[in-house]
Structure formats: structure tokens, C-alpha cells
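Here are some short exercises to help you find your way around a new structure. Try each task yourself, then read the solution step by step.

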Amino acid sequence: MPIKDQLFLASQYLAPHHLVSRLFGYASDCREPAVKNWMISRFVRRYGVDMREALQEDPLAYDCFNDFFTRALKEDARPLDEEAGSVVCPADGAISQMGAIEHGRIFQAKGHNYGLADLLGGDAERAEPFQGGQFATIYLSPKDYHRVHMPVAGTLREMVHVPGRLFSVNPLTARNVPRLFARNERVVCIFDTEHGPMAVVLVGAMIVASIETVWAGLVTPHKRRVKSTRYDDAARGPIHLAKGAEMGRFKLGSTAIVLFGPNKIRWADTPSVLGPVRMGELMALPA
């Protein structure tokens, strides 16, 4: 392994994850033109961000870096697959892994996997419907569109905030940080769908200022306990979201993991491991 990669991985264990993320979050919300324009311009140049699809094409017209980063796209920028019963990709990015959930474990990278129950907040009952099911992990790179959409129409049952670390999420850390996605702070959203229960897990990462959902706003306060909110009661629900509707967004970062139960869906031939994908593309069909 190159020395620069070794140093980067060592820094991941030593860095004060939440402090770094909070400081970057404050800077990302800064509305001082000189500051926010410098941040946005440097980011666009470094990552080659294509603004032609954005609803507001001028990157410096956004009020702050976070507004630019979570920018909306033009209405026709992401057409949805229309095949009956299809499951669409929830985000732009790359599918880093997909396949079966075997013996309660989810494959992360060669030599690494992590527990299904751990990912979902340590509750075996919550994990049970997904045992023996299917998973897909979608990595969002810095230049990608950072809103997450519904893979299929669903009714929200439960949202779980799971506190944790904020390791950077990229191919290098996936290969070298054990249980990466079950260690990082995350928001678990569980829906009832035509394909049975579906979980969409929004995983935080280093300098991810926050994760938001359309129904609860900011949902990642820095606490040390798992917090579950039910939406299948008269007080809060029901919340129905159509296929392709926005469900949440990352203010910097990271990864979305989609889970289905056994014998419900089959992954289509279109996506490939490490292949680029766009929100709305066909990802799975009924089993």
C-alpha cells in the first residue's frame, strides 16, 4: 500500500471526526460572498462539477456552499424507469457492492463484511424482515447530485438515527476500515412497499455536515444513543412517497444502502459493481 494511503488511513483513526465535521458545516453555511464563492469555485474546479443539469446553472448564485452542494436538478434531468414493479436507483453515484444478505452479514469489500442488525441500529427484530434478502450499496462522489430519492413507492414506517464515527467513505476506506458502514453515523428509513419492507440507510462520513429527510428535516444530532421514531401511528403518519420522490439529502457525502427482504426483488443486469449509475435508472425487478 502506498505510504500516502497508509497515512490517510492512520489519520482516520486519529482525527476528531465530529469536530472536523461541525467546523466544515459552519463554513459550508457561511453566506459571506467572498467565502462561499471561494469554496464553490474551488470545488467546481477540483471535481469538474457539471452545472448544466442544475436548475440554477450559475454556481455562484447559491446563497452558501451547502445550497450549491444540495442543488436541485432540472425537471427532466433524471427520467424514471417506467417498467411495472421496477426498483430505481435512489441516487447518482456508483454501485460499490450488491447481492444477497447471507447469514445476517452484508459484504463491504474483499475481506470485510458487517452485521445487518448492527447497520440497522442493533435491533434484531428490525433486521429480521431483511434476513436472507438483498442489498445494494451506492457511493456518492463529491461531484455527484446529492439528493436521495425513493427506489419504489412506499409508506414510511420508522426512522432510526444511529450515532457513530464519521470515517471518510471511499473505496480505500471500504477496503481497509472494518465494519465501516455499521460504525459511521447513519439514518435508517424503513418503508412498506409493494415489494415488502424496504430500508434506505443514509450513511454519514467525514465532513458530512448533516443528513436531512423531507419529513423530519435535520436528523443527525450528535447524540450517543439510538433514537427511533415511528410513523405508523395516527399522531405522525402516514407519510407516502412516490417512486422517484425526494426522500433526503446529504450536506457533503456519502453512501446510501438499500435493503429488501428475501424473494422480493432481483437485481437487473444493467448496474455493475463499481459502475456509474444515475438516479431513476433501473436497478431491480420483482423476483
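**Exercise 1. Work out how strand β1 pairs with β18, then build up the sheet they belong to.**

Step 1. Start with the pair itself: strand β1 (residues 87–88) runs antiparallel to β18, and two bridges link them. Keep in mind that this is a predicted model.

Step 2. Now match up the residues. Val87 sits opposite Ala284 in β18, while Val88 has Leu282 of β18 as its bridge partner.

Step 3. Look for another neighbour of β18. Strand β16 (residues 265–267) also pairs with β18 in the antiparallel sense, this time over three bridges. One of the matches here is Ile265 with Pro286 of β18.

Step 4. Put the strands in order. The result is an open sheet of three strands, β1-β18-β16, with antiparallel pairing. Its edge strands are β1 and β16, since each of them pairs on one side only. As background, the strands of a sheet pair through backbone hydrogen bonds, in either a parallel or an antiparallel way.

Step 5. Check how β18 is surrounded. Of the five residues in β18 (residues 282–286), four are buried, so this strand is largely enclosed by the rest of the structure.

**Exercise 2. Find out which side of helix α3 is buried, and check the helix's length.**

Step 1. Begin with the length. Helix α3 (residues 33–47) has 15 residues, which at 1.5 Å a residue should span 21 Å; the C-alpha atoms at its ends are 21 Å apart, so the two agree.

Step 2. List the buried residues of α3: they are Lys36, Met39, Ile40, Phe43 and Val44. They cover an arc of only 125° around the axis, so they lie on the same side of α3.

Step 3. Ask why such a spacing makes sense. An α-helix has 3.6 residues a turn, so residues three or four places apart point the same way.

Step 4. Turn to the other side of α3, where Ala34, Trp38, Arg45 and Arg46 are exposed.

Step 5. See what comes next: α3 is followed by Gly48, which has a positive phi near 60°.

**Exercise 3. Locate the residues that UniProt annotates as "active site" and describe the surroundings of two of them.**

Step 1. Look up the record. In an unreviewed entry, UniProt gives the annotation "active site" to Asp92, His149 and Ser254. They are spread over 163 residues of sequence, yet they cluster in space, with a largest C-alpha distance of 14.3 Å.

Step 2. Take His149, which is in strand β6 (residues 147–149). Its relative accessibility is 8%, under the 20% cut-off, so His149 counts as buried. Setting aside neighbours within four places in sequence, His149 is in contact with Pro90, Gly244, Ala245, Glu246, Met247 and Met279.

Step 3. Move on to Ser254, in the loop between β14 (246–251) and β15 (255–260). Ser254 is buried too, with a relative accessible area of 2%. A polar atom of its side chain lies 2.7 Å from the backbone oxygen of Val203.

Step 4. Go back to the record for Ser254. The unreviewed UniProt entry also places the feature "modified residue: Pyruvic acid (Ser)" at Ser254.

**Exercise 4. Compare the settings of Arg179 and Asn263, given their phi values.**

Step 1. Recall the usual picture: most residues other than glycine have a negative phi.

Step 2. Check Arg179. Its phi is positive, about 55°, although Arg179 is not a glycine. You'll find Arg179 in the loop between α7 (171–176) and α8 (180–183). With 33% relative accessibility, Arg179 counts as partly exposed.

Step 3. Check Asn263. Its phi is positive as well, near 60°, and Asn263 is a residue other than glycine. Asn263 belongs to the loop between β15 and β16. At 74% relative accessibility, Asn263 counts as exposed.

**Exercise 5. Sum up the protein chain as a whole.**

Step 1. Count the elements: the protein chain has eight helices and 18 strands.

Step 2. Look at burial. Of the 287 residues in the protein chain, 54% are buried.

Step 3. Consider the contacts between residues at least 6 apart in sequence: 77% of them join residues at least 24 apart.

Terms used. Residues numbered from 1 in each chain as written. Predicted model: local features only at pLDDT ≥ 70, side-chain atom pairs only at ≥ 80, totals over all residues. Heavy atoms only, no water. Buried < 20%, exposed > 50% of the residue type's maximum accessible area, 1.4 Å probe, protein only. Pairing = 2+ DSSP bridges. UniProt positions renumbered as here; feature names shortened; annotations may be inferred. Polar contact = N/O pair within 3.5 Å; in protein donor to acceptor, adjacent residues only side chain to side chain. Expected span 1.5 Å × (residues − 1). Arc of directions from axis to C-beta. Contact = heavy atoms within 4.5 Å.
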